[in-house]
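Reader: I have a structure open and some short questions about how its parts pack. Can we go through them?

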Amino acid sequence: MPSSPSVLVLYRLKPAILADLAGRFRLLDSHASPLPLDAFLVAAAAGDDPPRAAVVPGSGVVRIDAAFLDAVPSLGCIVSVSAGLNHVDLPECARRGVVVANAAGIYSADVADYAVGLLIDVLRGVSAGDRFLRRRGEFFSPLGSRLGGRRIGIIGLGSIGSAIARRLEAFGCIVSYHSRRQKHGVSYGYHPTALDLAAGSDVLLVACALTAETRHVVDRAVLDALGSGGVVVNVARGANVDEAELVRALAEGRIAGAGLEVFEDEPNVPAQLLGMENVVLTHHQAVFTPEAMADLDRLVVGNLEAFFAATPLLTPVLFFD
């Protein structure tokens with residue numbers, strides 16, 4: 001009877017997912033090893049049955065680049081548990097014939113819900129009121145702002161951005177967007193640059209992938225174009241926003257508030273943000289629902305089984321030079 005194929009696991013999976021995988025594959029789990037990552041990879045590669053696939057985190061803690069692939073040359077498949085792929089060198093994977101799968105689509109609804117929640121919280125001061133009541137035992141009733149009728153500018157109209165747009169339409173918001181290219185078949189207004197989008201928006205909602213082109217896509221000029229009544233909500237990657245400029249804009253009153261789910265130097269959060277009542281902060285948790293984790297379990301298993309069966313991956317990432 002053939003042995004189970006070996007899979008490198010570099011992401012701290014939930015116990016139920018890990019148990020499911022362990023019933024199908026021989027797992028080489030970095031979190032169950034006392035070795036530092038570099039030594040763990042060397043040991044895994046030197047084994048009698050080196051891993052042909054790897055399950056990797058999406059936070060950038062592990063970068064899938066030439067050095068990583070040199071360390072474990074047996075790998076033919078990378079399965080990322082995130083939708084974003086800024087931690088994966090796709091050209092290098094393509095050059096070596098290493099196929100890549102991601103978690104495309106499974107987080108869209110949960111992140112979209114979360115983005116709307118952050119925006120409502122910033123506009124209506126929900127968290128600020130909660131903090132005041134807990135500290136003082138008194139009611140806190142500043143004037144909030146109505147969501148309906150707001151001009152929402154979405155940077156990145158992919159699956160998450162589109163789901164956010166649909167939700168905000170239901171609130172009576174006016175949605176427009178900026179993406180790499182104009183989307184056909186959508187009714188939202190298109191702006192060729194983030195600067196143009198900000199100039200015509202009350203809220204900038206960042207939902208794009210992090211690439212060389214979108215790093216600091218929200219910079220000082222964009223923040224100034226958004227203006228003193230504007231709000232920034234970021235559910236993409238921290239580096240999509242120039243965080244230092246965002247902190248300055250908030251401190252100087254050049255924008256009205258922010259809802260931040262991601263940060264540029266995670267897990268670190270700028271100290272100035274922690275004392276701002278007009279900022280809502282959470283730590284990269286929008287995707288964590290039981291429903292999304294169950295979907296992730298099925299997707300990781302399905303992609304691995306497809307790879308080992310030499311059939312098409314469920315969520316392949318295609319690279320075009």
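Reader: At what angle do helix α5 and helix α7 pack?
Author: This is a predicted model. In it, helix α5 (residues 108–124) and helix α7 (residues 159–170) pack at an angle of about 50°, and their axes are 8 Å apart.

Reader: What do you call that, and why?
Author: The two helices, α5 and α7, are oblique to each other, because about 50° falls outside the ranges for roughly parallel (under 35 degrees), roughly perpendicular (65 to 115) and roughly antiparallel (over 145).

Reader: Is the crossing of α5 and α7 left-handed or right-handed?
Author: α5 crosses α7 in the right-handed sense.

Reader: Which residues meet there?
Author: From α5, S108, A109, V111, A112, D113, A115, V116 and L119 take part. On the α7 side they meet S159, I160, A163, I164, R167 and L168. By type, the contact has ten nonpolar, two polar and two charged residues.

Reader: Now the sheet. What order do the strands come in?
Author: The order is β8-β7-β6-β9-β10-β11-β12. These seven strands form an open sheet with parallel pairing.

Reader: Which strands are at the edges?
Author: β8 (189–190) and β12 (279–281) are the edge strands, and each pairs on one side only.

Reader: How many bridges are there between β9 and β10?
Author: Four bridges join strand β9 (residues 203–206) to strand β10 (residues 231–234), in the parallel sense. In one of the pairs, V203 has V231 in β10 as its bridge partner.

Reader: Back to α7. Which strands does α7 touch?
Author: α7 packs on the sheet and touches β6 (151–155), β7 (174–178) and β9. The direction of α7 makes about 170° with that of β6.

Reader: Different topic: at what angle do α1 and α12 cross?
Author: Helix α1 (residues 15–22) and helix α12 (residues 290–308) cross at roughly 20°, with axes that come within 10 Å. That angle is under 35 degrees, so α1 is roughly parallel to α12. The crossing of α1 and α12 is right-handed.

Reader: What makes the contact?
Author: A16, I17, D20 and L21 of α1 are in contact with M293, D297, V300, V301 and L304 of α12. Seven of the residues in this contact are nonpolar, none are polar and two are charged.

Reader: L296 is in α12 too. Is L296 buried or exposed?
Author: L296 has a relative accessible area of 1%, so it is buried.

Reader: What does L296 touch?
Author: Leaving out residues up to four places away in sequence, L296 touches V81, A103, I106 and Y107. Y107 is 189 residues from L296 along the chain, and their C-alpha atoms are separated by 8.8 Å.

Terms used: Residues numbered from 1 in each chain as written. Predicted model: local features only at pLDDT ≥ 70, side-chain atom pairs only at ≥ 80, totals over all residues. Heavy atoms only, no water. Axes fitted to C-alpha atoms, helices over the stretch in contact; angles between N-to-C directions. Left-handed = near helix turned anticlockwise from the far one by under 90°. Contact = heavy atoms within 4.5 Å. Nonpolar A, V, L, I, M, F, W, Y, C, P; charged D, E, K, R; others polar. Buried < 20%, exposed > 50% of the residue type's maximum accessible area, 1.4 Å probe, protein only. Pairing = 2+ DSSP bridges.
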